[in-house]
Amino acid sequence: MDLTAALLRGTRPSVFVLTGPGGTGCRLAVEQLIRVRGYRQAVAPAQANVLLRCGVLDAEVAERVWAQLPLPAAREKVTVAAEAERALDRAVAELADPVRQRAEVRAVPALPERDMAERAPDRDGVSMDQLHVPLGPALSDWPTGLRLHLVLQGDVVQAATCQVVGAAAGPFWTVHNVPAAALDSLQRMLGVAGWSAAASTARRLRDEVLTHHTTAATQLDRWVRRVRRSRLLRWSTDGLGVLTEADGTRADATARWLRWLDQLTGAPAPPRAEAARAHLDALPGLVVGQELAAVRLIVASLDPDIEAMISAEAPHE
Amino acid sequence: MSEWWLIVLGPALLGVLALGAASGSAVLDARAAGAPVRVSQPLREFGALLIQQRRVTPAADTVLWRAGGAGVGVAAVLAVLVVPLGHRPISDLSIGVVWFNGAEVLAWAALWMAGWGANSVFGLVGGYRFVAQGLAYELPHMFALITAALGAQSLRVGDIVAAQSHVWFVVWMPVAFVVYLISALAMSFSGPFDQPVGIDLAGGVAAELSGVDRLVFAGGRYLLLTAAAAMAVPLFLGGDGGPLLPGWLWVLVKTVVVLGGLVWLRTRAPTVRMDRFTEVAWVVLIPLTLLQALVVAVVVLLT
């Protein structure tokens, strides 16, 4: 009796979806499959046993994430949304195959000699350790294609710079799927805010809107009402990331996610590429002095559409 | 000791109830996602984590890291030693309430060690978030415990149960009960108080855990939640009192009800940020619990 093979067969796939610009369609297909089949969507590579790559990303980033997945593990690349189901099936089959998993050998990476953290004065002038932490692109519930370099002291940001990684073929979200785009942004923000039940429901509604172009109005209304009325969510996001929008109004994170809720019932969305460029330019200024939870909430409430921005700014031949 | 089998039965029962809590949580998550519901999921997860590779990070403090991960479950088992299963607990200490509080505070050290030992930014921030969370919930929690002890004029859990033979404490100490439930969620970093293991930190303290270490840590978290729910029964819900059914069955039923309520609350609300919760805990909850204690003291003096 092979106990390891039996436990391997019963392992629930925990999928880490690594998305680069151009991979939004694949990501949506993969996320729907994961949800419907009852797999887990991994929050960190150490929690995952399947790695799925969507879109264009540095090969180095993909290799480093793959090296962090604990064995037994499997990986696949999804190039086209229609291929998502087959790729996921292949990956899950490889995961459950004891012969292939036993043959998998990982070379122990040669760990470079690291110095201790450097020191610098913090906001009170006290000398504290400084950490250079890049957030993204392989972070869950994070805008695709964004890398935010942070200089942290404790969990407070001292300095920040934005970097765009990857190249896009074209924008995914257009004026025709505004509600689905709003639901996608909302599910990411609700995930970052820690409200997993509402985020799961948002994903379910998003998939329904994408496939049927409509959804049970009562379900959507009930969910919108619950999220809109939530005082705890407003308590977390009030006053974060106040930005002057294109039309002159000053909006904090709460106002931004309320605007997404309005877009679900037909309000128009501002042009995504210009908004993304404006948000990325303002982002370093918004996050300096904030702690990590606030940084994640600010970025999630802005949710810049980097694919649209890259496509709009690409030099036209 | 005379009842040697209690020392086996107690932790075993704790484990079974914790497994039930994990199953209930899995069922709720599956229903919210519209996925097929599988009650056996925690057991399959158990098996899957046993065969998974353990994560190694560069320059990790392995002793602290592994000890911290295991410490959460140890804190839970120590805390449950004073909870009566039926008529008598495993250890009927004369200062049972203080023992419970002290055992649960072991989890503070465990979580900090687990976060710091991994040499990872997310773990470090998660560990310190739990320290901040502890500073916020601990004083209201202690005042709630003391209020129950005040009502019985004794720190022995058995005396507290005996003092509820006419009316349960939850009837005339509702504020203490609610604050205790909030602190039960906070001490096991569940529900709205899961910032130390939050998704925004890619799992926080649990970001760099895999295999057996993740199993021990996640299991310890459910054990801690179950231990806190189990302690609510003798403190506020009358222990083994109740008509018709035998005492031990009543204890089980009440524990399951409290545990079910806490598990249901887990995903119902967004995570509370610690910098904002600390303010509420110190400015609102402490005065409320002190007022409750004052009311209870006056009642005790008058009767």
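The legends below describe close-up views of salt bridges in a predicted model.

**View 1. A salt bridge between chains A and B**. Side chains of opposite charge can pair when their charged atoms come close. Here A:Arg40 and B:Glu45 form such a salt bridge, with N and O 3.3 Å apart. A:Arg40 belongs to strand E2 (residues 40-41) of chain A, and B:Glu45 to helix H2 (residues 41-50) of chain B. A:Arg40 is partly exposed, at a relative accessible area of 26%. B:Glu45 is also partly exposed, at 22%.

**View 2. A salt bridge between two loops of chain B**. The closest N and O atoms of B:Arg55 and B:Glu208 are 2.6 Å apart. B:Arg55 sits in the loop between H2 and helix H3 (62-79), while B:Glu208 sits in the loop between helix H8 (174-187) and helix H9 (212-236), so the pair ties together parts of chain B that are 153 residues apart in sequence. B:Glu208 has a relative accessibility of 14% and therefore counts as buried, the limit being under 20%. B:Arg55 is buried as well, with a relative accessible area of 15%.

**View 3. The salt bridge of B:Arg156 and B:Asp159**. These two side chains meet with N and O 2.7 Å apart. B:Arg156 counts as partly exposed at 25% relative accessibility. B:Asp159, at 28%, is likewise partly exposed.

**View 4. A network of salt bridges in chain A**. The arginines in this network are A:Arg27, A:Arg35, A:Arg188 and A:Arg206. Linked with them are A:Glu31, A:Asp184, A:Asp207 and A:Asp303. Over all chains, the structure holds 33 salt bridges.

Terms used: Residues are numbered from 1 along each chain as its sequence is written. Chains are lettered from A and ligands numbered from 1 in the order in which they are written. This is a predicted model: local features need pLDDT of at least 70, side-chain atom pairs count only at pLDDT 80 or more; totals for chains, interfaces and linings use all residues. Side-chain values use heavy atoms; hydrogens and water are left out. A salt bridge is a side-chain nitrogen of Lys or Arg within 4 Å of a carboxyl oxygen of Asp or Glu. Helices (H or I, at least four residues) and strands (E, at least two) are DSSP runs, numbered from the N terminus. Buried means under 20% relative accessible area, exposed over 50%, partly exposed in between (1.4 Å probe, protein chains only).
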